[in-house]
Amino acid sequence: MLGLFGSKTKALIIVDVQNDFAPGGALAVPKGDEVVPFINSVLGEYKIVVATKDWHPKNHCSFASTHPGKKVGDRVDLEDGSQLLWPDHCVQGSPGAEFVKGLDAGKIQKTFQKGIDPDIDSYSGLFDNGFKRDTGLAKYLKDNKASEVAIVGLATDYTVKFTALDCKKQGFNVTVLRKGCRALNIKPDDEEKALAEMRAAGVTVK
Ligand code: VGL
Ligand code: ZN
């Protein structure tokens with residue numbers, strides 16, 4: 001989607017940079033807060049700046065607390081597949097769901113909420129895990145004529161990965177900026193595996 005003279009319209013997606021994914025949060029990503037200064041430093045390079053927020057109702061199906069007898073790290077079978085269980089996190093309207101302090105949120109043109117359906121999780125910022133609900137992010141990028149999409153945020157091995165793969169499937173040129181991402185690394189090589197999976201799908205990792 002190159003415009004006249006080959007100009008490119010660059011978009012930045014800031015994925016789930018929320019207190020619960022920062023150190024001290026309910027689902028802390030190691031060094032998750034370190035992405036903030038990097039993201040602030042690149043914001044000005046993008047015509048389109050959008051964000052996603054994990055935005056779960058209480059009793060969300062991804063919370064271990066929702067399933068009696070289950071604990072964090074267990075899995076349950078849901079209609080749309082196997083669901084890994086997490087601590088309660090990013091509950092709608094809670095302090096844990098707010099952007100991490102210091103993020104230049106005034107530059108964010110629109111925020112897309114994900115994981116809002118109690119019965120299905122959403123690691124991608126575009127579609128839920130069953131591809132039933134669309135957040136509107138892909139349409140927003142297309143309506144605003146984005147051709148290049150850069151992705152930063154938390155966590156590399158979950159929402160960053162699935163958002164990058166879905167953007168690629170939607171036809172965008174996708175780059176993941178590693179300096180602006182941190183991984184959960186529940187298993188030590190999860191980050192490397194996620195990066196390899198993205199590269200294999202044609203995502204640029206830099
Ligand atoms: C995420 C686990 C659960 C993420 C969200 O944003 O990477 N990970 N919910
Ligand atoms: Zn979540």
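**A tour of the zinc ion and ligand 1**

The site of the zinc ion (ligand 2) is irregular, with angles of 88 to 170° among its 4 donor atoms. Donors are N, O and S atoms within 2.8 Å of the metal (3.2 Å for Na, K and Ca), and sites may look incomplete because water is not among the atoms. Four donors are tetrahedral if all angles lie between 85 and 135 degrees, and square planar if opposite donors are over 155 degrees apart and all others between 65 and 115; anything else is irregular.

This is a predicted model, in which local features need pLDDT of at least 70 and side-chain atom pairs count only at pLDDT 80 or more, while totals for chains, interfaces and linings use all residues. Residues are numbered from 1 along each chain as its sequence is written, chains are lettered from A and ligands numbered from 1 in the order in which they are written, and side-chain values use heavy atoms, without hydrogens and water.

Select next Asp54 (OD), His56 (NE2) and His89 (NE2): these protein donors lie 2.0 to 2.2 Å from the zinc ion. Along the chain, the donors follow the spacing D-x1-H-x32-H.

Move then to ligand 1, and show the residues around it (a heavy atom within 4 Å), among them Asp54, His89, Ala155 and Thr159.

Polar contacts (here, pairs of N or O atoms within 3.5 Å) come next. A polar side-chain atom of Asp54 is 3.1 Å from a nitrogen atom of ligand 1. At Ala155, a polar backbone atom lies 3.1 Å from an oxygen atom of the ligand. In Thr159, a side-chain N or O atom is 2.8 Å from an oxygen atom of ligand 1.

Conventions
A polar contact is a pair of N or O atoms within 3.5 Å; within protein, one must be able to donate a hydrogen and the other to accept it, and residues adjacent in sequence count only if both atoms are side-chain atoms. Four donors count as tetrahedral if all angles lie between 85 and 135 degrees; four count as square planar and six as octahedral if opposite donors are over 155 degrees apart and all others between 65 and 115; anything else is irregular.
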